[in-house]
Every structure is written in C-alpha cells, then in structure tokens.
There are 2 protein chains.
Amino acid sequence: MNRAAPARPAAPDDTGATRLKLLESAGEVFSRKGFRDATIREICGLAGANIASVNYHFRDKHGLYTEVLRYADRCAVHIEASEPVAGDARRRLRQFIKAYIAAMLDVGRPSWHGRLIAREMMEPSPALDAIVAQIIRPRSRVLSDLVEELLGPAATERRVIRCKFSIIGQCLAYHSGRHIHKRLHPGFELSSKAADEIADHIADFSLAAIDALRAGHKPARRAARGRPGS
Amino acid sequence: MNRAAPARPAAPDDTGATRLKLLESAGEVFSRKGFRDATIREICGLAGANIASVNYHFRDKHGLYTEVLRYADRCAVHIEASEPVAGDARRRLRQFIKAYIAAMLDVGRPSWHGRLIAREMMEPSPALDAIVAQIIRPRSRVLSDLVEELLGPAATERRVIRCKFSIIGQCLAYHSGRHIHKRLHPGFELSSKAADEIADHIADFSLAAIDALRAGHKPARRAARGRPGS
DNA sequence: GATTCTTTCAAACAGACGTTTTATACTCGT
DNA sequence: ACGAGTATAAAACGTCTGTTTGAAAGAATC
C-alpha cells in the first residue's frame, strides 16, 4: 500500500523538474477548466509527464490542486513584495486597483494565478479557507484601511465593507463578465492598454463615490435625492 | 435508431408533468453545480423520473440544458413585464439595481434563474449567444440608456460602457463573491433585509460617481488629483 | 376489444476518468 | 560494483457518467 509522496510527504519545495512542470501545467489547466473539468491526463500531457506522476508527487488530484494553490500563493507573495506602497491614500488606492486589474486581465506574462483565485472565489473548494486566510484576508485588510482612511469621519464598519465590495466588484466584473463583455461590445477589446484605462476609470468612479459619501456624512440612508457635490 | 423527442421534436411547450418536473429539477441542479458536475441521475432522482426520460424528452444532456435556459427565459419575461418603470432616471436606476440584487441574492422564492444566468456568464456554454441576445442585451440596453441620461453631456460611448460595468460589477460581486463575503465578514449576513440596504448602497455609490463624472466633464483622464466635488 | 401511439421503466453499454499496480531506468553512498 | 532509494513508464482496474436498448404499461382511436 503506497501512501503519499515517497520520502518527504509534505515538503513544499519546488525542486524537481517534473514536479515543477506539473504544478505549472496544472495551474494552467485548473484555471481554465476548473477542478472537475480538468483531467489528469491533459495536465500530464501538457507537462510531458506520465499519468502516474501525479500519484507519485501529489498523492492524488486533490493533493495536486492544493499544492498548486500553495505554489500560486508563494509566487504571489514574491510579486506583491516588490510593489511600492508609497504616496497618499488616493494614489495607493489607484495603484491597488491597477495591480488588481492587471492580475485579473492577465496582462504581461500568461500567469494563471489571478484566474485560479477568481475561480476559487466563485466555486470554492475545500481549500478555500486556507486561501482566504493566506491570500485574500491580508489583501482585504489593505483595502479596508485605504477605504477607511478615505472615508474619514464617515467611515463605519458596514460602510467600509460595502465600499470595499464595490471596488472589488468592479474589478472582478472584467474577469467574470469578460465573455459577456466580448459579445456585448465587440469593439472594446480587453487588451493590455485597456487595462490601464479601465483601472483609471474604476479609481475615478470609486474615489468620487467615496468622496460623496464622506461629504454627505449625515444621511446614512437616502443620500441620492439632491446633488452630492455642489 | 430513435431520435429526439417522439412526435413533436422542437415544441417549447411546458405541458407534460414529467417534462416540467425535469426542467425545474434540472434548473435547480444546474444552477448549483454547473453543467458538468450536475448528473442526469441526480436531476432525475430529484424529479422522480427515470434516467431515460431525459433522452426521451430532451434528446440528451445538452438538449435539457438548452431547454432549461429557454424555460428560465420564459419565466423571466413574465416577472420582468410586471415591474414598474416609472419615475426619473435616478429612481429608475435605483429600482433597476434593487431588482438585480434581488435576483442575485434569490430573495423571496427559491428561484434558480438568477444563479443560472450568473453561472452562464462566468462559464459560457454554447448556449450563451442565445442568452445574450434574448436576455442580457435588452437589459443591458435599459441600463445604458439610464447611464447615458444620468451622465448627460459627459456621456461618451466608452464611458457609458465603463459605468455600466461598474454598476453591474458591484451587483455581481455579492453573488460571485458570496463565499468570500461569508468567510471574511461572518457578522454581515446576506439576508433579504440586507439586500435592500446593499442595493441602496450601490445606488448611492454609483449615482455619486456618475454625478462627479458629469461635473468633472472636461478631464476624461486624470480627474482624481483634486477633489472632484467642491 | 384490437391497434397504434405515447410514455415510463429497469437494465445494460461504451467511454472517460482517477487511481493503482508492476516493472524499469537512474542516482547515489559505500 | 552493488544495493537502497528515487523517479518515470505502460498498462490495467474499478467506478462513475451519459446514453441506449427493449420491453411494458397507459391513453387514444377506430
């Protein structure tokens, strides 16, 4: 009865050519087709590895999926650590949105990390709790702090959460709704150049809304009758 | 060689107890698990029908899925026709968002229509084109007209599209991100009462942003340096 | 009441999938 | 050189799934 990986059962190292190629290929296929639709045969074919290598290196399909998520997390940390966090809150929020949109639209290299996380958000697997704790919650905290600072005295816990979801929702729309976008507006491609313009729009849109909420302040409800600005 | 339904191959009527129960059960299961993960055996079990009834009434699994979408469309039209469209643009947009959020969060009766459309948006099946033409595009047109009217002289085609996606994205976030929301903020349930408050927030947030874009007008880009309001 | 059409049922089929087995190279330490 | 440990290969196994079969029950028509 052979169990798990041969000698080191839970070693999260990326050494080993086959193991690494399996992680990359699995990330690509999982992010495109989801856990169920992705087949081990296709992953191994893409990696140029044998079918049995998944059992050898990752015990089974779930083990492979879990390791892919941890692998993506490790890569994401490296990318994130090199990002600047300078400037005032407005500029930092804009930068946050730009980074998020870039990850969603996969500009630059063909990285599947953003797509995989987005998929996990929509259809959670048993590994979602770990993802929330390790990846999503820290990033959510950063955004919460930004929104809270921008809302100023108008910041309540509920309102910060709602604004945070409004911002993330706008970003996610360009990923989860990309097929609709393509069919609805064929002229407006989601290219790398468009990503920057989209991020600027979301930043403008959100900053204006937060400014208005801060200015309105008093009326927590029913603040939409008169012009919020002048 | 038996092909398709026995006598009337493409009759979209809902007569027939077994056929109707299959459509309802399939809609429930498809919306919860997706096309691939949903099994015919589970659908038939839920409907109290035999396995072979799918082949008899809908030819195969894809035929069943297509008919479920058409069935949902037929139901949606009935619901939508009874909605009021009175009031000024601001009030109509708020009403639009309320209806959208209600459909997303499935308040009221346990309808799977919203979930199914949302799933189809994320992972399109070959039937998506028909859905876009019959369901999504008309509704998108309504929202476009609303946003264009609200933007006034600041309305460009690109900006209308971006604002539209910002609004829809905020609504979709509470569906596609509901698992994250539950884990990130356990205290904030997505109940029926919260749906109204969420819709009001999205309306306030979006109306304020659109007002600011209209007021800013001139700077199509880079309008975030100074306060957009005063 | 016999015939025809429609609908349901239990059973099986063929294929795809995850997983396992067995055997074969390869890499060291000694 | 040799054996222990590591890694890959080909093939098969058992299971699950969509689909089909062939028969039987029910409804309708003459």
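How many salt bridges does the rule find across the interface of chain B and chain A? The exercises below work towards this and related points.

**Ground rules**

This is a predicted model, in which local features need pLDDT of at least 70, side-chain atom pairs count only at pLDDT 80 or more, and totals for chains, interfaces and linings use all residues. Residues are numbered from 1 along each chain as its sequence is written, chains are lettered from A and ligands numbered from 1 in the order in which they are written, and side-chain values use heavy atoms, with hydrogens and water left out.

**Exercise 1. Count the salt bridges between the chains, then place two of them.**

Step 1. Take the rule: a side-chain nitrogen of Lys or Arg within 4 Å of a carboxyl oxygen of Asp or Glu. Across the interface of chain B and chain A it finds ten salt bridges. Over all chains, the structure holds 34.

Step 2. Look at Arg119(B) and Glu123(A). Their side chains form a salt bridge, 3.3 Å from N to O. This pair crosses between chains: Arg119(B) sits in helix α6 of chain B, and Glu123(A) in the loop between α6 (113-122) and α7 (128-151) of chain A. Helices here are DSSP runs (H or I, at least four residues), numbered from the N terminus.

Step 3. Now find Asp37(A). It forms a salt bridge with Arg36(B), with the closest N and O atoms 3.1 Å apart.

**Exercise 2. Describe the interface by contacts and area.**

Step 1. Count contacts, meaning heavy atoms within 4.5 Å. In chain B, 59 residues are in contact with 59 residues of chain A.

Step 2. Find the buried area, the accessible area (1.4 Å probe) that two parts lose on being put together, summed over both. Between chain B and chain A it is about 6000 Å², and carbon and sulfur atoms give 60% of this. Arg162(B), Phe165(B) and Phe205(B) supply 13% of the area that chain B buries against chain A, more than any other three residues.

**Exercise 3. Work out how the two copies are related.**

Step 1. Superpose by least squares on the C-alpha atoms of residues with pLDDT of at least 70 in both copies. A rotation of 180° with 0.0 Å of shift along its axis places chain B on chain A, with an RMSD of 0.1 Å.

Step 2. Read the result. The two copies are thus related as by a two-fold rotation axis.

Step 3. Compare the surfaces. Of the interface residues of chain B, 97% are also interface residues in chain A, so the copies meet through the same surface.

**Exercise 4. Examine the surface near DNA strand D.**

Step 1. List residues near the strand, with a heavy atom within 4 Å of it. There are 20 around DNA strand D, and Thr18(A), His57(A), Arg41(B), Asn55(B) and Lys61(B) come nearest.

Step 2. Sort the DNA atoms. Of those within 4 Å of the protein, 58% belong to sugar or phosphate and the rest to bases.

Step 3. Check distances to phosphate oxygens of DNA strand D. A polar side-chain atom of Asn55(B) lies 2.8 Å from one. For Asn50(A), a backbone N or O atom lies 3.2 Å away from a phosphate oxygen.

Conventions:
A polar contact is a pair of N or O atoms within 3.5 Å; within protein, one must be able to donate a hydrogen and the other to accept it, and residues adjacent in sequence count only if both atoms are side-chain atoms. Helices (H or I, at least four residues) and strands (E, at least two) are DSSP runs, numbered from the N terminus.
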